[in-house]
Amino acid sequence: MDPYRNPFAPGAGSRPPELAGRDGILEAARISCGRALKGRSSRSMMLLGLRGTGKTVLLNEIKKIAERDGLLTSKVEAPEGESLARLLYPEMRKVMRSLSGIESAKQIATRGLKGLRNFASIFKIDVGGVEVGIEPELGLADSGDIQYDLPDLFTMIGRAAQAADRGWILLIDEVQYLSEADLSALIVALHRMSQESLPVVMVGAGLPQIARLAGEAKSYAERLFLYPGVGALDKKSASTAIERPIIDEDASIEPEALQTIVERTQGYPFFLQEWASVTWNNAEGSKITFNDANQSYTETLALLDEGFFKVRIDRLTKAETQFVKAMSDLGDGPYAMGDIAKAMGRTQQSLGPARASIISKGMIYSTDHGYLDFTVPLFAPFMRRQN
Ligand SMILES: Nc1ncnc2c1ncn2[C@@H]1O[C@H](COP(=O)(O)OP(=O)(O)OP(=O)(O)O)[C@@H](O)[C@H]1O
Ligand SMILES: [Mg+2]
């Protein structure tokens, strides 16, 4: 069918034509935003899920909801090896400046900007001369310890937002790349917001290990956050995600075609968008048949192998690639470290550094039971296809 009319949206962060199966998460986010605005204690959220399940799409959607509800919004992605101070500085500055333009919040926000100036100088953030004219104030967010300074700045934003009858939502993608100290500071800051009922909430997203990392950083993190899982879609949602966009384009799909896509993708959003997209392009008539879907499978896998899967493996060193290859040769996960070591003819201890490095690259994670598994769904079969 006409590729120009193809509704599907394969690709990182691309909004799907039908955001299926996520109503519960969106509703929880809506409630958190609404409560924050009303000055009621509201829960921050951490969306936890494997690669390609739709976390970034959800963050973008929650940002839109929050904007509609009148909150100030900031969205950032934690890059590997970047400090939280540097990441958040421009966002906090934007929010404070915007609040300083509101009469009722002006005084607090202006003080906040002074604190921010101290913060930038103590954390050596290059501000490019933009702070000229703002006098520093001693003792405001200038300890140089992010665990003290970040909560102070959040408090200032929270109070200014409260005075202006506004709120602030901070959206952070790829939270697993934050250092432990930074994650701790963020949790302390949010804890303060919740204790003082200030209108600041965070919605973070990242790989499943964040729940444990947060708990290790601060034991009360468990109660501070909601941790909705963002997983594969159930059968009904997966069907809706495929069928509704097709119907909206005045086309249709045979039940057998729908069924095969739903089953063989196991409901994984990244896979489903790619396959539905290829099938649409290959279909001759306006009714997508089982044959259209079936014959598009190989092309879909090739696209994923060259794109979605390949970008992950390209980040690994040779030794790390051997490690994940040994994992995939054992079958589908989760995997015991002892089995991997045995398959590689190595000791577990000697593999420690490779294991840690692959985890820090976000490629594998340690499950609740201490096993290892891939963060990319269906990665083991991909590795086996490479031979
Ligand atoms: N609820 C949904 N229904 C159908 N498709 C979806 C849904 N959510 C996301 N998708 C599709 O899944 C793909 C991956 O989405 P997204 O990039 O948000 O995943 P992610 O979890 O952020 O992945 P990563 O961990 O790699 O960053 C996109 O093509 C998107 O359109
Ligand atoms: Mg993402």
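In the predicted model, the shell around ligand 1 is made up, by class, of 12 nonpolar, eight polar and six charged residues. Among the 26 residues around the ligand, those that come nearest are Ala-9, Gly-13, Ser-14, Lys-55 and Thr-56. Both domains contribute to this shell: domain 1 (23-226) and domain 2 (235-310) each provide at least three residues. At the level of secondary structure, at least two residues of the shell come from helix H2 (55-68), and at least two come from helix H11 (269-282).

Several polar atoms of the protein are placed close to polar atoms of the ligand, and contacts of this kind are pairs of N or O atoms within 3.5 Å. The backbone takes part through Val-57, where an N or O atom of the main chain lies 2.9 Å from an oxygen atom of ligand 1. A further backbone contribution comes from Glu-18, which has a polar main-chain atom 3.4 Å from a nitrogen atom of the ligand. A side chain is involved in the case of Gln-273, with a polar atom 2.9 Å from a nitrogen atom of ligand 1. Taken alone, the ligand exposes 630 Å², and the protein buries 96% of that area. The site occupied by ligand 1 is the largest pocket.

Two features of the backbone were also identified in loops. The peptide bond that leads from Gly-333 to Pro-334 is cis, its omega angle being near 0 degrees. Pro-334 belongs to the loop that connects helix H14 (318-329) and helix H15 (337-344). The second feature concerns Asp-165, a residue other than glycine whose phi angle is positive, with a value near 60 degrees. Asp-165 is located in the loop between helix H5 (146-163) and strand S3 (168-173).

Definitions and conventions: Residues numbered from 1 in each chain as written. Chains lettered and ligands numbered in written order. Predicted model: local features only at pLDDT ≥ 70, side-chain atom pairs only at ≥ 80, totals over all residues. Heavy atoms only, no water. Near = heavy atom within 4 Å. Polar contact = N/O pair within 3.5 Å; in protein donor to acceptor, adjacent residues only side chain to side chain. Areas by Shrake-Rupley, 256 points an atom, 1.4 Å probe, with all protein chains shown as cover. 1 Å grid on protein atoms, 1.4 Å probe; cavity = no way out; pocket = protein on both sides within 12 Å on 5 of 7 lines; lining within 4 Å. Sits in = over half its atoms within 2 Å of the grid points. Helix = DSSP H or I, 4+ residues; strand = E, 2+ residues; numbered from the N terminus. Nonpolar A, V, L, I, M, F, W, Y, C, P; charged D, E, K, R; others polar. Domains from an automatic or database assignment.
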